[in-house]
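Biologist: Please show me the model, and then let us go through it in questions and answers.

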Amino acid sequence: MTPNLHTLHIKQIAITLAGETLLAMHRDIAPGEVLTVMGPSGSGKSTLLAYLAGFLSPAFQSQGEVYLGDKRLDTLPAEQRGIGLLFQDPMLFPHLSVGGNLRFGLPRRTNDKTQQVAKALEQVGLSGFEARDPATLSGGQQARVALMRLLLSQPRAVLLDEPFSKLDTALRQEMRTLVFGQLRAAGLPALLVTHDEADANAAGGPIIALG
Amino acid sequence: MSVLVLPLAAGLLMVILPAFGYLPALGGETFNVDAWQALWQRPGLHRSILLSYASGLITTLVALSIVVLFLAASQGTWVDRSIRRLVSPLLAIPHAAVAFGLAFLIAPSGLLVRWISPGLTGWERPPDVLIVNDPLGLALMAGLVLKEVPFLLLMCLAALPQLGAEKRVTLARSLGYSASIAWLKSVLPVLYPLIRLPVYAVIAYATSVVDMAMILGPTLPPTLSVSILSWFNDPDLERRYMASAGAVLQLGVTLAALLTWWLGEQCVKRFSQGWLVNGARNTGALAVAISGRVLLATTTLLAISAIGGLVIFSLAGFWRFPDALPSTFTLDHWQRILPSVATPLLNTLSVGLAATLMAAVLVVATLENAVRHHLPVSRSQWLLYLPLIVPQVAFLFGLVVAAESINVRPQLALVIAAHLLFVAPYLYLSLSEAYRRLDPRWVQVAHSLGVGPWRAFWRVRLPLLLAPLLTACAVSLAVSIGQYLPTLLLGGGRVPTITTEAVAMASGGNRRLIAVLALIQALLPFIGFSLALLIPRLVWAKRRQMRGAA
């Protein structure tokens, strides 16, 4: 992965629904930094993620601009923003093998796809899992594959939607270390949405509260 | 989907104009009411009207009652689960095949009489009574009930999950209500509004059905719809004016039946309020429990015996009355008919597959567009139901006239277009729930990995929806295979299908040959449904989650 590091600029954004302002934000996220957004459910956390990722329902109105370095993102369709997503669920495509899921993440014109997939699996201790059905993996294994799929797609920023909330307590700490370590190593600006203080502490970045 | 409404409107217009004497192609250039006068003077017209109106309402009432009683009586029991599995295959059997099966079962020399003779009846010869084609239309109504029960049941089963029925019943039971009464009082009132459109479709269908009425219905006079067909096909072209007037009248009869039903709904709504809250917890529970199960079991058994009867007749060699079974079995009838079946079979399949393919593209495009642009479930569902609620006899003639007026003769392409009209709504209805329920995050993940909308559609959404899509296509194929009137009219009688051939043989009366044709007709949708079930299992043999997903 070639790190072309950029800062994510969230400039004066405001999201309104039927005239009522749900949230407003003005913030920069530096490469390798994790900004944690905390708030109770209904405080507009997921709306913020949907807006940044490009999935905001047309029922909402939004103002402001989002830049990655000097490239404007908020006018681009979701697939061209280069923003990766991690959900509560691993969301591994059930119709593809583990290897297929990772290949799905790789950019189309990649030369050594097989090698990259093998290397990614090795990195998270799942060597030789290419042909496996994702449904046969444990929750922790699925989460790790999902993380590697995200990284293989070479995102330039990452959004995390309570990615640890459905894991066992024991697994949670392990995954936190893995995810934040990988993001930092790749030098990606990341925005984490959570209501778990421990997530915020593990992220080690600035924290803002919504709602 | 508004494409579907245009031919409907054109068809209705070209039926209404000739009904009032305007049909330039036949020289009718002035408006008059001659056709209506001729129509009123037809002997037996009133009886025809009454038959259509009453059989439509009674059929719907009986079928709906059976379904409601069954659902109230058997929630969560094993009967319930096994019936659920039987519903789709039963629904797939075309109307004509059900009608023939029933006819062979209940006819004076049919299976039922044979089974109880001479032991119970003492009959050594078939009794001389009119059971099939009886003047009251009872056989026709029975046939329609057999077909409509699985349809309504499937519609209810599709609507129930969104109601949280189990929670409602549990709550009511914790208040001391017995299970079946709990269901009737807490689930039915919210279920009915969701199945109202399918119920209306049943009324419309039952008041205007042609193929079943030709096989099971009264003959002197026949139902209104059958009369209209015979006038339209009359060599005397002047009769077309009267046929058009009849088609308009049919529209009125169906509307009247719908209106009657609607009034009935209002009354029930009004007078059931007291019953809903009167606090009675067990009154009638046993009756509901027993009747619900017995009625549905009878219906299912009749349908299965009807098909079993077809099998026996199609293989029967020498068969003396009142022997319960033929003394010899033979494949002669199959061998005799197979060569002549090739063309109709090819037509059936090409029309069915072409219409299904076009409908699938149309429906998927509509749904994909709606999902991409976050369009809400629109009120336009009513429009979608229009081709199912407006009687076929009322606008298909007009459609032929409209096509002729722009110099398009009846042909294969027109048959496919007409089938599309009836197939697309069913395909939409069976696919839209699965389409909208698919977790939007799947496609969002794809986008966030840099995959654009089209590749996400082909590589994520379609594979994930493969099973429901194939099922919807199988439904669509089954609907197309069963179509009689559109095939006959838009093909000008020159596009024979298995269905038109089978119905055409109805008056001929060679039961063994009819049984073969009806079985082939019933077999085709079956193959479709089996494939829809089998293909995802093969494709996803190594993907555990995909096998449970369907």
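The exchange below takes up the interface, the core, a sheet, some helices and two glycines.

Modeller: This is a predicted model, where local features need pLDDT of at least 70, side-chain atom pairs count only at pLDDT 80 or more, and totals for chains, interfaces and linings use all residues. Residues are numbered from 1 along each chain as its sequence is written, while chains are lettered from A and ligands numbered from 1 in the order in which they are written.

Biologist: Which helix gives the largest share of the side of chain B that touches chain A?

Modeller: Contact is taken as C-beta atoms, placed from the backbone, within 7 Å. By that rule 20 residues of chain B meet 22 residues of chain A. Helices (DSSP runs of H or I, at least four residues) and strands (E, at least two) are numbered from the N terminus, and α19 (440-448), α20 (453-464) and α25 (544-549) of chain B each supply at least two residues of that side. The largest share, 6 residues, comes from α19(B).

Biologist: Which helix gives the most to the largest nonpolar core?

Modeller: A nonpolar core is a set of buried Ala, Val, Leu, Ile, Met, Phe, Trp, Tyr and Cys residues joined through C-beta atoms within 7 Å. Buried means 20 or more other C-beta atoms within 10 Å, exposed 12 or fewer, partly exposed in between. The largest core has 229 residues, and Val67(B), Phe100(B), Leu427(B) and Ala518(B) have the most contacts inside it. With 15 residues, the top contributor is helix α18 (residues 412-437) of chain B.

Biologist: Which strands stand at the edges of the open sheet in chain A?

Modeller: Strands pair if DSSP finds at least two bridges between them. The sheet has 4 strands, antiparallel, in the order β2-β1-β4-β5. Within it, β1 (residues 8-17) and β4 (residues 60-68) of chain A share 8 bridges. Each edge strand has a single partner, so one side lacks a neighbour in the sheet; the two are β2 (20-29) and β5 (71-72) of chain A.

Biologist: Which residue is the bridge partner of Lys11(A)?

Modeller: The partner lies in β4(A). It is Glu65(A).

Biologist: How does α4(A) run relative to α5(A)?

Modeller: Axes are lines fitted to C-alpha atoms, for helices over the stretch in contact, with angles from 0 to 180 degrees between N-to-C directions. Those of α4 (residues 139-152) and α5 (residues 169-186) of chain A come within 11 Å and cross at roughly 10°. Angles under 35 degrees count as roughly parallel, over 145 as roughly antiparallel, 65 to 115 as roughly perpendicular and the rest as oblique. So α4(A) is, relative to α5(A), roughly parallel.

Biologist: How many of the 9 residues of α12(B) are buried?

Modeller: Helix α12 spans residues 224-232 of chain B and is largely enclosed by the rest of the structure. Its cover includes α3 (45-73), α10 (188-208) and α17 (392-405) of chain B. Trp231(B) and Phe232(B) are among the buried residues. The count is 8.

Biologist: Is Gly274(B) buried or exposed?

Modeller: Gly274(B) sits in helix α13 of chain B. Its C-alpha is separated by 44 Å from that of Phe100(B), 174 residues apart along the chain. With 8 C-beta neighbours inside 10 Å, Gly274(B) counts as exposed.

Biologist: How many other C-beta atoms lie within 10 Å of Gly284(B)?

Modeller: Gly284(B) is in the loop between α13 (239-277) and α14 (285-315) of chain B. Gly284(B) is partly exposed, and the count is 13.

How values were computed:
Contact = placed C-beta atoms within 7 Å.
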